[in-house]
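Notebook open, coffee poured. Here is what I looked up today, entry by entry.

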Amino acid sequence: MTQAITYWAVVPAAGVGKRMNADRPKQYLELDGKTVIEHSLSRLLQADVFAAISVAISMEDPYWPELGISTHSKIITAAGGKERADSVLSALTAIAAQAADDDWVLVHDAARPCITAADIHRLINELKQDEVGGILALPSHDTLKKTQGQDILGTLDRSHIWRALTPQMFRYGRLKAALSAAAGNPAVTDEASALELQGWQPKIVEGRPDNIKITRPEDLALAQFYLERQIRTTKS
Ligand code: C5P
């Protein structure tokens, strides 16, 4: 008998978010009456597909234990690492006893609170038969310039350029091996890049443009707008 495939979520949440210039890491800033990370985790729980969500938290983080959601039965807390990839690897290691190599893992940034269950389900449905897995992404609508200082060296062909979002969906065993092999490599800024370095070719699945990452102070107002609009459109 073949074993059923389980879906796990991993949420790296151990960053400090310097570009926000705030008094606390960006995942703990308030958005529509809750913290950013509570929105992100609630959306993952609402998708109703994950056996558990492994969340990587900095050891010095005083905010996480204060949140009710940190003791939710489906949430596992892992120790964050120096870089995002270290945090993801630690969150994967925290579920090693339960997860099988062929299980799917969806890695989602704590700082993307507007993810919808519909996008999560679409990613899973499009990739669950795939050999490697892949990521939500958005086509680039801007013209992109390659530069050196203030000089433009050339213009990239934007028809082949996509912006990587999360979730990013890969097999547990392969993702863990790729991130372990990529340890300390500054070029690995997402999970897909770690697999690419191993010679795999992840797929893209077009995501919704409102799945923004909170990076700068003005992003909070934009996220608030998107959350309200999503609630209005699901009610109508
Ligand atoms: O800084 P950036 O927005 O790229 O971070 C993306 C996600 O990775 C955030 O949710 C952040 O908390 C997380 N992260 C982490 N460990 C680090 C650095 C970032 O979990 N060392």
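I started with the crossing of α1 and α3, which is right-handed (the near helix is turned clockwise from the far one by less than a right angle; anticlockwise would be left-handed). The residues of this contact divide into four nonpolar, one polar and one charged (Ala, Val, Leu, Ile, Met, Phe, Trp, Tyr, Cys and Pro count as nonpolar, Asp, Glu, Lys and Arg as charged, the others, Gly among them, as polar). I noted that Arg-43, Leu-44 and Ala-47 in α1 meet Ala-117, Ile-120 and His-121 in α3 (contact: heavy atoms within 4.5 Å).

For the record, this is a predicted model, where local features need pLDDT of at least 70, side-chain atom pairs count only at pLDDT 80 or more, and totals for chains, interfaces and linings use all residues. Residues are numbered from 1 along each chain as its sequence is written, and side-chain values use heavy atoms, with hydrogens and water left out.

Next I checked Ser-42, which sits in helix α1 (residues 36-47). I log Ser-42 as buried because its relative accessibility is 16% (buried is under 20% relative accessible area, exposed over 50%, partly exposed in between, with a 1.4 Å probe and protein chains only). Beyond its neighbours within four places in sequence, Ser-42 touches Lys-34 and Ile-69.

I then moved to Asp-48, in the loop between α1 and β4 (50-57). Asp-48 goes down as exposed, because its relative accessible area is 64%.

Last, I looked at helix α4 (residues 172-181), whose buried residues are Tyr-172, Gly-173, Leu-175, Ala-178 and Leu-179. I found them packing against α2 (84-93), β6 (104-107), β10 (162-171) and α5 (191-197).

Note on methods:
Helix = DSSP H or I, 4+ residues; strand = E, 2+ residues; numbered from the N terminus.
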